Structure formats: structure tokens, C-alpha cells
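User: Could you take a close look at one pairing of strands in this model and at what lies around it? I am in my first year, so please go step by step and then place that part within the rest of the chain.

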Amino acid sequence: MTTRSPLPGTTPVQGLHHVTVMASDPQRNIDFYSQTLGQRLVKVTVNFDDPGTYHFYYGDLTGQPGTVMTHFPWPGARRGVRGNGEAVAIAYSAPRASAAYWKDRLTGRGFAIQESERFGERVLTVEDPDGTWTELVFEDGPPVQPWPASPVPAEHALRGFHSVTAWVGNTGAVRDLLVSSLGFTEVGSEPDAEGTRTRFRGSGEGVGLFVDVVERPGQPRGSFGAGSIHHVALRTRSDDEQEAYRTGLSAAGYRPTPVQDRQYFHSIYFREPNGVLLEIATDAPGFTADEPVEELGRHLKLPAWFEGQRAAIEAHVPRIVNREYGVTIGTRVLDAATDQNGPEQPGVEVYTAGRPLGEARVAMVLLHGRGGRAVDILSLADELNLSAFAYLAPQAPGNSWYPLSFLAPVERNQPQLDQALATVEATFNALEARGIPPQRVVLGGFSQGACLALEYASRAGKRLGGVVALSGALITLDQPGDLSGMPVFMGVAPDDPHIPLSRFEESAAQLRSRGAQVDARVYPGLGHGIHGDELDAVRQLLQGVAAQL
């Protein structure tokens, strides 16, 4: 009898599909994973949310699920910092008899290794060139499709993934998801240098079966950058089953995204309560959908919707060499390391996330609500999961942009309101000085920050890339000026205690009368908060802005 997952219409998750990591130097990344670890570069394509950035896929001969490591290389990106709320290590399965070979191979290439034992198995840990913990677990695991051109002898070849390790504050929340919703089995726990390690096993019989969780209560969260694991993808068999997972996860409160077409598989994304970003990806159509097996990784492959931009994309992506064929892809020669600092504003703290400014095509400026902080609103960067963007969040003095409700007479919120508007203006000016004009900036905010964002867009007299207002409305309704073509998304609850529905509707009408393309939505039951469907709408707006560039 087939074992069923607790989610209706699904079977238990088999295990890992792929793991996606942020890198920096693209050629260095290729040389480590293909020439040192012996993984085939099975696909060279671009980040579908940021077509000026490569997306590399490494795996066995054909890139079977459970063998695939993927990287977004952002040249010049600063290093990430490991912490709670993220996966911190990826482990490959290696033949039990090959431990001495791999120890000699890695140390001979200048890599420092750490040796340990985990659940009775020998483990070697090394940092890849960007600092990602890459582990080899020596076991009697199943073989994968060999890559004949691998620089690693077949008897020592890696066998796809063994496991991933995530750091969390609370293992119980992960257990509820993996066991109670996705059908994993809890294997056991043991002490770890960082805390207590608990292992969960998927239902499959092949490679990539394990998710390890290390509980580290009260420890700081990670900071995303080069070397950080962006997300861990789990396997599903079909589109129908993926949709069943999406429906069940939505009902359980995990807020999965709509299905994303990644050309070689279909994906949904969501976060477990500690913050670890997960994906559920389909096995099909696979990497041979647009290249024969004997030419995988030889060409820059683009989805149909980017083919019209091929010349521009090939001119922008850095020049790389696939060592298997000796072919060169891309033409841009990388400059010295890009300055990664945020825009300088005297006396204003500006926090950043996502794409380094020097490489970003689009920026999103986020304004926090009253009593909040820049780092709080900046967490939307993780929720939106769009790596094409640089995200910036200025910090208001005393955590408030102006003292009273936006409905108070304007003069009673002065001079703080003018100072807040000047801070937003200075942020735009600093971005323009860094080569990002207003047309490539989306201004967004929540609550008081949403009101400020709408007011700035209404008064500024410049065409912004877009505006996002989550539980907000215009501070004034009598500003003139042409806003033709500027996309605006507004979301609110009908009973929001701070944003009257009538003012929300008046604001939308005023912006439309000036030519703005306003998408104003009312979400019953939301209260004064951010709805998952709102984030889907924001994601669509941002993708639309990026597609126009």
C-alpha cells in the first residue's frame, strides 16, 4: 500500500531536488564544482528574475534530481554570514572507500578540511571559494549516472547529495512541517558543536534523502551574501501533486508562492517558521528539454521569453569557459570588485539586502511603519524572493517618520513630514548617482511608510518604476502632476483601524485621475497587516518593472 502524505492529494516528499547558492566570481565557481568536485556543468542559463546574471546547474551526467547544485554568481558580492533561519551546509555522498582520495585531493588543492563523524558516518567539511560549507559523507550509497569527462576517477566520483543542514531556533517548527505535512520520517538526534542535530529522511530510495536541523536557541539570524544558501528544493513527481502541495501548504498557513516556470522544472516557494526558504520542484521536464545529453552545458540557454534579448544578455554576462568543451560563453570582462556600500546619506542609516547595488538592474526602497525598524521592513526582500533587486530601507529617527496619524492636518506633522520626504528624495538621488535612475526604482512601504511612499510619489514630479503601499493611503489629495504609466499597487483591509477604506479608495481614484496604473485591492480579514496574496501582487509588479528594462 502506498504511504500518503498528510496533505490531501500528495505522497510523501522523496527528498532533495536541488540546492541554490549565491556565489561571486563565476569562473572560480565553475572550476571548483566541475574541476575540483567533478560535477558536470549541465546547464548554463540566466536568473529568470535577473537575466543579466548567470544561473549555473551542476550535477551528474544529466542533472538528475537529488544531484543538482545551482549557483547565482554575483561578481563582487560581499560574503554572507551564517546564522539561524537558513541552510548552512550541503553534503554530497561519497564512496566509503574514497575518504583518503578526497582528503588528498582537497588538501592538495589548498583547501583546509575538517573531519568529523555524524550519525556513525565519516564526514569531511571544506569551504568552497565563497565560504559555503561543502561536505562529503562517506557511505555505501547508490550510484548516479557517471560523467565520462569528469576529472575525478569513476571509483571516487560523488554520488549526488546526501543531506543539507539548516540552523534554526526551534526544531519543533521544522518537525511539524517535514513530518506532519510533507511525510518525512524523523531518524534521530545527536549532540552537535552548535547545539542538537536532528535528522529527517524523505521517502525515496535514491540520493538526497536527508534534511538535518541544528537547534540553536537565541542565536542570531544569518546575513545573506556570497556563499549563502538561498533555498533548498524538495522533490515532487508532477504538476498535479505540486498543486496539491501548494493548496495544502496554503491551508496550513505557509503562504507558498504561485507556481513559477523555471524551464527545467516548476517551482513553488515558502518559508518554514524559522525562516528557512524551501521550494517544491517537479522532476520534469529536466535539463535535456533543450539540449542533448552530449551537449549539456555547452551553450547559453535562454527561455523563449528572453530570446529576443539574447544579444544584450550575451554582451552583459561575464566571459566564462566551460572546461568540458573549452568553449567561451559571454563577452564582458569583469572589472575590479564592485563597491557594495549602500547610498550615502549624512545622518541617515540605510540598510540593504538582496542584489549588490553595483550589479542591480532594479532597486526597491522600503519604508517601515511607525514604531518599526528598517531591518523589519527589509525582511520583505526574503519574502519576495526576487534576486534581480537591490533592497534598501532607510531608518526613521525614533522609529517614526512623522508624529501623528496621516489623517491629521499636515501642519501638525511638520517639520518631520518634510524631513521624511527629504530622506526619501536623498535616497533616490544617491541611487541615481550610483547609476540607478528613478525609473528603475520601486518605492514601497507598510502602514506609515506606505502613506509616506504614496505621498512622495504624488509630490515628486518624477516617473518612478512603481509604488507599493501595504495598508496605506495618500496624506494629501490635492497634489497636481502627471503620473501617466506609473504602476501602483495598494492593499488594505476593509476594517483596518488605521487606514479608513474611504480614504484608501479616494487615494486610488486621485492617482488614477493623474494617469497612474493603480491596482487597489481590499482583503477582508487582513486587519492592519500584510497578506500573502498582497506579496504575490507585489512580486508581479516587480517582475513587470524588471521585464520592461
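Analyst: Strand 14 and strand 15 pair over two bridges, in the antiparallel sense. One bridge joins Gln260 to its partner in strand 15, Ser267. The model is predicted.

The pairing belongs to an open sheet of eight strands, whose order is 2-3-4-1-13-16-15-14 and whose pairing is mixed. Strand 14 at one edge and strand 2 (40-47) at the other each have a single partner strand, so one side of each has no neighbour in the sheet. In a regular strand, side chains alternate between the two faces of the sheet.

Next come the aromatic rings. A search of the whole structure gives 17 aromatic pairs. One of them is Tyr57 with Phe287, a tilted pair with 5.0 Å between the centres and 55° between the planes. Tyr57 lies in strand 3 (residues 50-59), while Phe287 lies in the loop between strand 16 (277-282) and helix 5 (310-316), so this pair links parts of the chain 230 residues apart. Tyr57 and Phe287 are buried.

Phe287 also forms a tilted pair with Tyr264, at 5.3 Å centre to centre and 35° between the planes. This brings us back to the starting point: Tyr264 sits in the loop between strand 14 (260-261) and strand 15 (266-271), 23 residues from Phe287 along the chain. Tyr264 is buried, as is Phe287.

Other aromatic rings gather in one cluster made of Phe32, Tyr33, Tyr54, Phe56, Tyr58 and Phe111. Some rings have a charge over them instead. The charged end of Arg82 sits over the ring of Trp133, 3.6 Å from the ring centre. Over the ring of Phe210 sits the charged end of Arg199, 5.1 Å from the centre.

For a second antiparallel pairing, look at strand 6 (residues 113-118) and strand 7 (residues 121-127), which are joined by six bridges. One bridge runs from Glu117 to Arg122 in strand 7. These two strands form a hairpin with two residues between them, and Phe119 in the turn has a positive phi of about 50°.

The rest of the tour concerns helices, starting with helix 9. Helix 9 has 13 residues and reaches 18 Å from its first C-alpha to its last, close to the 18 Å expected at 1.5 Å a residue. Eleven of those 13 residues are buried, which leaves helix 9 mostly covered. Among the buried residues are Cys451, Leu452, Glu455 and Tyr456. The cover includes strand 20 (362-367), helix 8, strand 22, strand 23 (466-470), strand 24 and helix 10. Gly461 follows helix 9 and has a positive phi, near 75°.

Helix 10 (residues 501-513) also has the expected length: at 1.5 Å a residue its 13 residues should span 18 Å, and its end C-alpha atoms are 18 Å apart. Its buried residues are Arg503, Phe504, Ser507, Ala508, Gln510 and Leu511. They lie on the same side of helix 10, because they cover an arc of only 165° around the axis. An α-helix has 3.6 residues a turn, so residues three or four places apart point the same way. Covering the buried residues of helix 10 are, among others, helix 9 (448-460), strand 24 (487-492) and strand 25 (517-522). Just after helix 10, Gly515 takes a positive phi of about 100°.

Helix 11 (residues 532-547) has 16 residues, which should span 22 Å at 1.5 Å a residue; its end C-alpha atoms are 23 Å apart, in agreement. Its buried residues include Leu535, Val538, Leu541, Leu542 and Val545, and also Glu534, Asp536 and Arg539.

Two charged residues complete the picture. Asp382 is in helix 7 (residues 380-384), and its relative accessibility of 38% makes it partly exposed. Its C-alpha atom is 8.7 Å from that of Ala353, 29 residues apart along the chain. Arg434 is in the loop between helix 8 (416-433) and strand 22 (441-446). Arg434 is partly exposed too, with a relative accessible area of 30%. The C-alpha atoms of Arg434 and Gly358 are 7.5 Å apart, with 76 residues of separation along the chain.

Definitions and conventions:
Residues are numbered from 1 along each chain as its sequence is written. This is a predicted model: local features need pLDDT of at least 70, side-chain atom pairs count only at pLDDT 80 or more; totals for chains, interfaces and linings use all residues. Side-chain values use heavy atoms; hydrogens and water are left out. Helices (H or I, at least four residues) and strands (E, at least two) are DSSP runs, numbered from the N terminus. The expected span of a helix is 1.5 Å times one less than its number of residues. Buried means under 20% relative accessible area, exposed over 50%, partly exposed in between (1.4 Å probe, protein chains only). The arc is that of the directions from the helix axis to the C-beta atoms. Contact means heavy atoms within 4.5 Å. Two strands pair if DSSP finds at least two bridges between them. Rings of Phe, Tyr and Trp (its six-membered ring) pair if their centres lie within 6.5 Å; planes under 30 degrees apart count as stacked, over 60 as edge-to-face and the rest as tilted. A charge sits over a ring if NZ of Lys or CZ of Arg is within 6 Å of the ring centre and within 35 degrees of the ring normal.
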